[in-house]
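Thanks for coming. I will take a few minutes to walk through one structure for those who have not seen it.

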Amino acid sequence: MPTWNPDQYLKFADERSRPCRDLAAHVEVWRPLRIIDLGCGPGNSAEVIVQRWPDAAITGLDSSPHMIEKARALRPESEWRAGDIAEWAATKGERFDIVFSNAALQWVDGHGRLLPQIFDHVESGGALAVQLPGNYDGSANRLMRELSASETWRRSFPNGVKGWHAHDLDFYYNALEPHAARLDLWAIEYWHRMPNTGAIVEFYKGTGLRPYLELLPNDGERARFLSEYEAKLALAFPAQPNGVVLFSFRRIFIVAYRE
């Protein structure tokens, strides 16, 4: 049964860290003392945070014990917690100068309620900084859904697949504008150079494909599903004259400041 695998996730550490670096660079909180990284994964986003704010104490929270174990090995001096983001957000009292989340909140439901709850954990003068994938309708994600709903595969997914959740920027504007002293929102479309479409499959095996692979009964079925998925990707992402495949990935950014 596939689980959150830090080694699989870090195969594309640079592609995953670039949006994180862009998010951190945009946050205008100059000397934070305490930062929490929600959905910290294997600690790659914490490394970005340390470079941006070297004097801050960092706490990482992630639902995967495997990810927390990897992060703790990378930075034993930081505090690492295994826990649920929504449960933490619903608690009261704990505040941080920066609440940071890189490509994690899409796995949590109810953003209209969740984002204001998380913002309640921001100290006065601090910020909530969030990056989310904004490519739900992009070819790579659409093809996963189409394949799982095909005549060949629909019996393997009788109740559908619980995927990730993200909205357009106007949704997040309306969710946070009543609470924030200032709100910055923007989107970037990244174009990743991949050696082939198999690399796109490997990229998503660490994230978006996991809900599909978890529902398949054995490695043989998983391999067959991935093979058919890659065949569809090859049509959607043709190789360039030099053999490289250009993989576009839209991401959205939210920075909300507290008075």
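I will go through the core, some helix pairs and a few single residues.

A word on the source: this is a predicted model.

Let me start with the core. The largest nonpolar core has 27 residues, and the members that touch the most others are Trp88, Val99, Ile118 and Leu128. Which elements give two or more residues to this core? They are strands S1 (34-38), S4 (96-102), S5 (122-133) and S7 (245-257), together with helices H5 (85-90), H6 (111-119) and H8 (169-176). There is also a second, separate core of 26 residues, and among its members are Ala129, Tyr190, Val255 and Tyr257.

Take Val99 as an example from the largest core. Not counting neighbours within four places in sequence, Val99 is in contact with Ile36, Leu38, Trp88, Ile118, His121, Val122, Ala127, Leu128 and Ala129. Three of the names you heard a moment ago, Trp88, Ile118 and Leu128, are on that contact list.

His121 is on the list too, and it deserves a closer look. His121 sits in the loop between H6 and S5. Is His121 buried or exposed? With a relative accessible area of 2%, His121 is buried, because buried means under 20%. Beyond four places in sequence, His121 touches Trp88, Ala89, Thr91, Glu94, Arg95, Phe96 and Val99. With Glu94 there is also a polar approach: a polar atom of the His121 side chain lies 2.6 Å from the backbone oxygen of Glu94.

Next, the helix pairs. H6 and H8 both give residues to the largest core. Their axes come within 9 Å and cross at roughly 50°, which makes H6 oblique to H8. The crossing of H6 and H8 is right-handed. Which residues meet there? From H6 they are His111, Gly112, Leu115, Pro116 and Phe119, and from H8 they are Phe171, Tyr172, Ala175 and Leu176.

The second pair is H9 with H11, which covers residues 219-236. The axes of H9 and H11 come within 9 Å and cross at roughly 125°, so H9 and H11 are oblique to each other. This crossing is right-handed. On the H9 side the contact is made by Thr197, Gly198, Ile200, Val201, Tyr204 and Lys205, and on the H11 side by Leu226, Tyr229, Glu230, Leu233 and Ala234.

H9 itself runs over residues 197-205 and is mostly covered, with 7 of its 9 residues buried. The buried residues of H9 are Thr197, Gly198, Ala199, Ile200, Val201, Phe203 and Tyr204. At the N-terminal end, Asn196 caps H9, with a side-chain oxygen 3.1 Å from the backbone nitrogen of Gly198.

H11 has another partner, H7. H7 and H11 pack at an angle of about 135°, with axes 10 Å apart, so this pair is oblique as well. H7 passes H11 in a right-handed crossing. In H7, the residues Ser139, Ala140, Leu143, Met144, Leu147 and Ser148 meet Phe225, Glu228, Tyr229, Lys232, Leu233 and Ala236 in H11. Tyr229 and Leu233 of H11 therefore appear in the contacts with H9 and again in those with H7.

Now Trp153, in the loop between H7 and H8. Trp153 counts as buried, at 0% relative accessibility. Leaving out residues up to four places away in sequence, Trp153 touches Leu147, Ser148, Leu216, Glu221, Arg224, Phe225 and Glu228.

Last comes Arg251, in strand S7. How exposed is an arginine placed there? Arg251 has a relative accessible area of 4% and is buried. Its contacts, not counting neighbours within four places in sequence, are Pro19, Ala103, Gln131, Leu132, Pro133, Gly134, Trp186, Ala187, Ile188, Tyr190 and Phe203. With Gln131 there is a polar contact of 3.0 Å between the two side chains.

One of those contacts is Ala103, found in the loop between S4 and H6. Ala103 has a positive phi of about 55° although it is not a glycine. For background, most residues other than glycine have a negative phi.

That is the end of the walk-through.

Definitions and conventions: Residues are numbered from 1 along each chain as its sequence is written. This is a predicted model: local features need pLDDT of at least 70, side-chain atom pairs count only at pLDDT 80 or more; totals for chains, interfaces and linings use all residues. Side-chain values use heavy atoms; hydrogens and water are left out. A nonpolar core is a set of buried Ala, Val, Leu, Ile, Met, Phe, Trp, Tyr and Cys residues joined through side-chain atoms within 4.5 Å. Buried means under 20% relative accessible area, exposed over 50%, partly exposed in between (1.4 Å probe, protein chains only). Helices (H or I, at least four residues) and strands (E, at least two) are DSSP runs, numbered from the N terminus. Contact means heavy atoms within 4.5 Å. A polar contact is a pair of N or O atoms within 3.5 Å; within protein, one must be able to donate a hydrogen and the other to accept it, and residues adjacent in sequence count only if both atoms are side-chain atoms. Axes are lines fitted to C-alpha atoms, for helices over the stretch in contact, and angles run from 0 to 180 degrees between N-to-C directions. Angles under 35 degrees count as roughly parallel, over 145 as roughly antiparallel, 65 to 115 as roughly perpendicular and the rest as oblique. A crossing is left-handed if the near helix is turned anticlockwise from the far one by less than a right angle, and right-handed if clockwise.
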